[in-house]
Amino acid sequence: MPSKNSKSSNRHIVATTSASVSGDVSPSKNNSTEQVGQSKRDLAWQVASNLLVSFKYAWAGLTYGFGTQRNFRIHVAIGIFAISLGVFLHLSPVEMSLIGITIGLVLAMELINTAIESVVDLTVKQTYHELAKIAKDCAAGAVLVSALASILVAGSLLLPPLFTLMVQSNLFSIFN
């Protein structure tokens, strides 16, 4: 929420920007430019006044992603399954860490994809634009690449002990 002084700070930024655009570079204008940088930085802290508020905003993003994005929920479910299978198979801490990192990367890519799609939709509104399509397709492609990489990691870590467990349990004797 903006403070009482934000309007005067915004006017200061506009006035300084106008002076800078005119091309007049006097020492007083350079000092004003430094103040603009500081004013912008001061305004940045008004978005999240403390660390707890920052975490609140981050949690809101996760909640939005989980509540509105089907693929995010699918990735969460698969991630929970992979971690559960890793615990069941007694994977080493390093192997579990690799699975956890890949799950985190896929979920982060899904949230970035959602953010990019939202910004593109905000920009182009209800119109079609080829560059908007490219941005959205590339963001979705990034999610796909991370998901395929996570399948490779999880498969290489989970399938060998799972196969060994099945052989030891004589589960393959059903097929003979």
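Let's start at the N-terminal end of helix 3, where N50 acts as the cap. One of the side-chain oxygens of N50 sits 3.0 Å from the backbone nitrogen of L52. Keep in mind that this is a predicted model.

Now helix 3 itself. The helix covers residues 51-68, which makes 18 residues. How far apart should its ends be, at 1.5 Å a residue? The expected span is 26 Å. The end C-alpha atoms are 26 Å apart, so expectation and model agree.

Next, salt bridges. How many does a search of the whole structure find? Two. Let me take them in turn.

The pair D121 and K136 comes up now. Their side chains meet with N to O at 2.6 Å. D121 belongs to helix 5, residues 93-124, while K136 belongs to helix 6, so this pair ties together parts that are 15 residues apart in sequence. Are these two residues buried or exposed? D121 has 37% relative accessibility, so D121 counts as partly exposed. K136 has a relative accessible area of 24%, and K136 is also partly exposed. The cut-off for buried is under 20%, which K136 at 24% does not meet.

On to the other pair, K133 and D137. Their closest N and O atoms are 2.5 Å apart. Where do these partners lie? Both are in helix 6, four residues apart, about one turn of the helix. Why does that spacing matter? An α-helix has 3.6 residues a turn, so residues three or four places apart point the same way.

Stay with K133 for a moment. Helix 6 runs over residues 130-168, and K133 is placed in it. With 37% relative accessibility, K133 counts as partly exposed. Its partner D137 is partly exposed as well, at 41%. One further distance for K133: its C-alpha atom is 8.8 Å from that of V120. Along the chain, K133 and V120 are 13 residues apart.

Last topic: how helix 6 sits against helix 4. Two packed helices are described by the angle between their axes and the distance between the axes. Helix 4 is residues 70-88. The axes of helix 4 and helix 6 come within 10 Å. They cross at roughly 25 degrees. Angles under 35 degrees count as roughly parallel, and helix 4 and helix 6 are therefore roughly parallel to each other. And the hand of the crossing? Helix 4 passes helix 6 in a left-handed crossing.

To recap helix 6: K133 and D137 form a salt bridge, K136 reaches D121 in helix 5, and helix 4 crosses at roughly 25 degrees.

Definitions and conventions
Residues are numbered from 1 along each chain as its sequence is written. This is a predicted model: local features need pLDDT of at least 70, side-chain atom pairs count only at pLDDT 80 or more; totals for chains, interfaces and linings use all residues. Side-chain values use heavy atoms; hydrogens and water are left out. Helices (H or I, at least four residues) and strands (E, at least two) are DSSP runs, numbered from the N terminus. A salt bridge is a side-chain nitrogen of Lys or Arg within 4 Å of a carboxyl oxygen of Asp or Glu. Buried means under 20% relative accessible area, exposed over 50%, partly exposed in between (1.4 Å probe, protein chains only). The expected span of a helix is 1.5 Å times one less than its number of residues. A polar contact is a pair of N or O atoms within 3.5 Å; within protein, one must be able to donate a hydrogen and the other to accept it, and residues adjacent in sequence count only if both atoms are side-chain atoms. Axes are lines fitted to C-alpha atoms, for helices over the stretch in contact, and angles run from 0 to 180 degrees between N-to-C directions. Angles under 35 degrees count as roughly parallel, over 145 as roughly antiparallel, 65 to 115 as roughly perpendicular and the rest as oblique. A crossing is left-handed if the near helix is turned anticlockwise from the far one by less than a right angle, and right-handed if clockwise.
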